[in-house]
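Visitor: I've never looked at this one before. Could you walk me through it, one question at a time?

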Amino acid sequence: MDVKPKFAELEYTAECIAQMSSLTPLIQATSGDVRRLEIGLAQTEDAIVMDVHGGEGDIDAVSMTLKTEDCLLLEGEAKAAFSAEKVYDIWKAIPQDAEADMQFSTDYPLQVSYSTGDATMRFMVAPRVEVQR
């Protein structure tokens, strides 16, 4: 019996396809005691900006920018936050020579996929919800 998982059909507004090796500095930054990963893409910048934030006060924040020439595909517009720990767990499972396809929208899950042989691996991470106090 061949059972395929069903994924929700989501309309993503931003997409970035990049070699995992180009994300290595950001992957290393998310491996520490960090809480939140913010990913933003704006049409005016021609770049995707990823910020990793630590605990209260975000003193230990790291920012990384991937420009159009660093990506195989970079299009759309969105800004979203995710659990850095969950995204790190996904990224460390993807081979460094793989092309990772990241799709996201504001307040939507992050979808990360890559192909290996005849299979495509797809991961989803729910957005991080921040409570205003």
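What follows is a set of short questions and answers about this predicted model.

Visitor: Let's start simple. How many helices and strands does the protein chain have?
Guide: Follow the chain from the N terminus and the elements run β-α-β-β-β-β-β-α-β-β-β. Tally them up and the secondary structure comes to two helices and nine strands.

Visitor: What percentage of the residues in the protein chain is buried?
Guide: A residue is called buried here when its relative accessible area is under 20%. The chain has 133 residues, and its accessible surface comes to about 8,200 Å², with 47% of that belonging to carbon and sulfur atoms. The buried share of the residues is 40%.

Visitor: What is the strand order in the open sheet of five strands?
Guide: The pairings lead us there. Strand 1 (residues 14-19) runs antiparallel to strand 5, with four bridges joining them, and one facing pair is Ala14 and Gly76. Strand 7 is joined to strand 8 by three bridges, and strand 8 to strand 9 by seven. Put in sequence across the antiparallel sheet, the order is 5-1-7-8-9.

Visitor: Which strands stand at the edges of that sheet?
Guide: Look for strands with a single partner, because one side of each is then left without a neighbour in the sheet. Neighbouring strands here are turned by 15° against each other on average, direction ignored. The two at the edges are strand 5 (73-76) and strand 9 (119-125).

Visitor: Which residue of strand 8 is the bridge partner of Met102?
Guide: Strand 7 (99-104) and strand 8 (110-116) form a hairpin with five residues between them. In the turn, Asp107 has a positive phi of about 60°. Across the antiparallel pair, the partner of Met102 is Val112.

Visitor: And in the hairpin of strand 8 and strand 9, which residue takes a positive phi?
Guide: This hairpin has two residues between its strands. The strands run antiparallel, and Gln111 stands opposite Met124 in strand 9. The residue with a positive phi, near 60°, is Gly117.

Visitor: How many residues of strand 8 are buried?
Guide: Strand 8 has seven residues, and it is largely enclosed by the rest of the structure. Helix 2 (residues 84-91) lies across strand 8, as well as strand 7 and strand 9. The number of buried residues in strand 8 is five.

Visitor: Where do the buried residues of helix 2 sit around its axis?
Guide: The buried ones are Ala84, Val87, Ile90 and Trp91. They cover an arc of only 125° around the axis, so you'll find them on the same side of helix 2.

Visitor: What about strand 6: which residue there is the bridge partner of Ile39?
Guide: Strand 6 (residues 78-83) is mostly covered, with five of its six residues buried. Its antiparallel pairing with strand 2 (residues 36-42) spans six bridges. Within strand 6, Ile39 has as its partner Ala80.

Visitor: Leaving aside its neighbours within four places in sequence, which residues is Ser83 in contact with?
Guide: Ser83 is found in strand 6. Its C-alpha is 6.1 Å from that of Leu37, although the two are 46 residues apart in sequence. The residues it contacts beyond those neighbours are Arg35 and Arg128.

Visitor: Is Ser21 buried or partly exposed?
Guide: Ser21 lies in the loop between strand 1 and helix 1 (24-30). In space, its C-alpha is 8.1 Å from that of Ala98, with their positions 77 residues apart in sequence. Its relative accessible area is 41%, and the range from 20% to 50% counts as partly exposed. So Ser21 is partly exposed.

Visitor: Why is there no bond between the sulfurs of Cys16 and Cys71?
Guide: Cys16 is buried at 0% relative accessibility, and Cys71 is buried too, at 10%. A disulfide needs the two sulfur atoms within 2.5 Å. The sulfur of Cys16 has its closest cysteine sulfur in Cys71, too far for a bond because the distance is 3.6 Å.

Visitor: How many disulfides does the structure hold, then?
Guide: A disulfide is a covalent bond between the sulfur atoms of two cysteines. For Cys71, the closest cysteine sulfur is the one in Cys16, and that is too far for a bond. The count for the structure is zero.

How values were computed:
Residues are numbered from 1 along each chain as its sequence is written. This is a predicted model: local features need pLDDT of at least 70, side-chain atom pairs count only at pLDDT 80 or more; totals for chains, interfaces and linings use all residues. Side-chain values use heavy atoms; hydrogens and water are left out. Two strands pair if DSSP finds at least two bridges between them. Axes are lines fitted to C-alpha atoms, for helices over the stretch in contact, and angles run from 0 to 180 degrees between N-to-C directions. Contact means heavy atoms within 4.5 Å. Buried means under 20% relative accessible area, exposed over 50%, partly exposed in between (1.4 Å probe, protein chains only). Accessible areas come from the Shrake-Rupley method with a 1.4 Å probe; for residues, only the protein chains shown count as cover. The arc is that of the directions from the helix axis to the C-beta atoms.
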